[in-house]
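Trainee: I would like to take a close look at a single part of this structure, the largest pocket, and then see how its surroundings are put together.

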Amino acid sequence: MKRCFLIILLGCSPFLLGRIQDWLMMNLLGVPLMLISVLMLLFWGYLSHVSLRMTNYDWKALLLLNAPAAIDLLLVLIQEWGFGAYWMNRIGGYSQLFYLPLLSLGFRLTPWAHSVPPAYIAAFLLMTAASVFVYKTNKA
């Protein structure tokens with residue numbers, strides 16, 4: 001049970017990383033957004049590896065790790081598509097910061113989109129793909 005909680009907590013780390021990136025973007029010029037996106041994907045792969053090792057390579061660890069990302073994506077999409085605006089509170093703010101480190105790459109993968117939700121979906125799919133890739137390579 002403690003391992004499950006720890007894996008979910010690791011899955012919440014993009015909240016902190018997004019907040020750090022937000023601060024950097026507000027206070028520094030020339031933040032390398034694409035580099036941050038690539039590093040975030042590598043970090044997510046590392047977290048996937050750590051989660052798998054904690055559970056003896058049980059794929060359920062990846063479900064727990066990616067659960068906060070799925071919940072946050074759902075929350076962002078409800079705000080964007082359901083209400084047409086982000087909530088003006090901490091939930092609305094931090095739900096956007098979760099995917100901030102991957103948004104640069106998400107926007108590059110969705111150049112046809114003229115709104116943010118497809119970039120959020122692309123970021124979620126990238127995180128999930130990184131986890132599956134680590135699982136498949138460790139399984140082989």
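Which elements each supply at least two residues of the lining of the largest pocket?

Mentor: The elements are α2 and α3, each of which gives the lining at least two residues. Before the details, a word on the basis of the description. The model is predicted, so local features need pLDDT of at least 70 and side-chain atom pairs count only at pLDDT 80 or more, while totals for chains, interfaces and linings use all residues. Residues are numbered from 1 along each chain as its sequence is written, and side-chain values use heavy atoms, with hydrogens and water left out.

The pocket holds about 160 Å³ of space. Its lining consists of L17, I20, Q21, L24, I36, L39, M40, F43 and P101. A pocket here is an open set of points on a 1 Å grid over the protein atoms alone, where a 1.4 Å probe fits and protein lies on both sides within 12 Å along at least five of seven lines; lining residues have an atom within 4 Å of a point. Points are joined across faces, edges and corners, and the volume is the space filled by probe spheres set on them. Helix α2 covers residues 13–27 and helix α3 covers 33–54; helices are DSSP runs (H or I, at least four residues) numbered from the N terminus.

One lining residue, P101, leads to α6, where P101 is among the buried residues. Helix α6 spans 100–109. Seven of its ten residues are buried, so α6 is largely enclosed by the rest of the structure. Buried means under 20% relative accessible area, exposed over 50%, and partly exposed in between (1.4 Å probe, protein chains only). The buried residues of α6 are L100, P101, L102, L103, S104, L105 and G106. Their cover includes α2 and α3, together with α5 and α7.

On α2 itself, R19 is partly exposed because its relative accessibility is 33%. R19 touches Y94 and L97, leaving out residues up to four places away in sequence; a contact is heavy atoms within 4.5 Å. The C-alpha atoms of R19 and L105 are 18 Å apart, with their positions 86 residues apart along the chain.

F15 also belongs to α2, and it forms a pair with F98 in the loop between α5 (90–97) and α6, 83 residues apart. The two rings lie edge-to-face, 4.8 Å centre to centre with 65° between the planes. Rings of Phe, Tyr and Trp (its six-membered ring) pair if their centres lie within 6.5 Å; planes under 30 degrees apart are stacked, over 60 edge-to-face and the rest tilted. The partners differ in exposure: F15 is partly exposed at 25% relative accessible area, whereas F98 is buried at 1%. The whole structure has four aromatic pairs, and ring pairs link F15, F98, Y99 and Y120 into a cluster.

Y99 brings us to the largest nonpolar core, which has 26 residues; W44, Y99 and M127 have the most contacts inside it. Such a core is a set of buried Ala, Val, Leu, Ile, Met, Phe, Trp, Tyr and Cys residues joined through side-chain atoms within 4.5 Å. The elements giving it two or more residues are α3, α4 (60–83), α6 and α7 (117–139), and α7 gives the largest share, seven residues. Apart from residues up to four places away in sequence, M127 touches P14, L41, W44, N66, A69, F98, Y99 and L102.

W44 also has a polar partner: its side chain makes a polar contact of 3.2 Å with that of S131. A polar contact is a pair of N or O atoms within 3.5 Å, where within protein one must be able to donate a hydrogen and the other to accept it, and residues adjacent in sequence count only if both atoms are side-chain atoms. S131 sits in α7 and is buried, at 1% relative accessibility. Beyond its neighbours within four places in sequence, S131 contacts W44, S48, L62, L65 and N66.

A second serine, S51 of α3, is buried at 0% relative accessibility. With neighbours within four places set aside, S51 is in contact with I7, L10, A61 and L65.

Past the end of α3, the loop between α3 and α4 contains N56 and Y57. N56 has a positive phi of about 55° although it is not a glycine, and Y57, also not a glycine, has a positive phi of about 60°. N56 is exposed at 65% relative accessibility, while Y57 is partly exposed at 31%.
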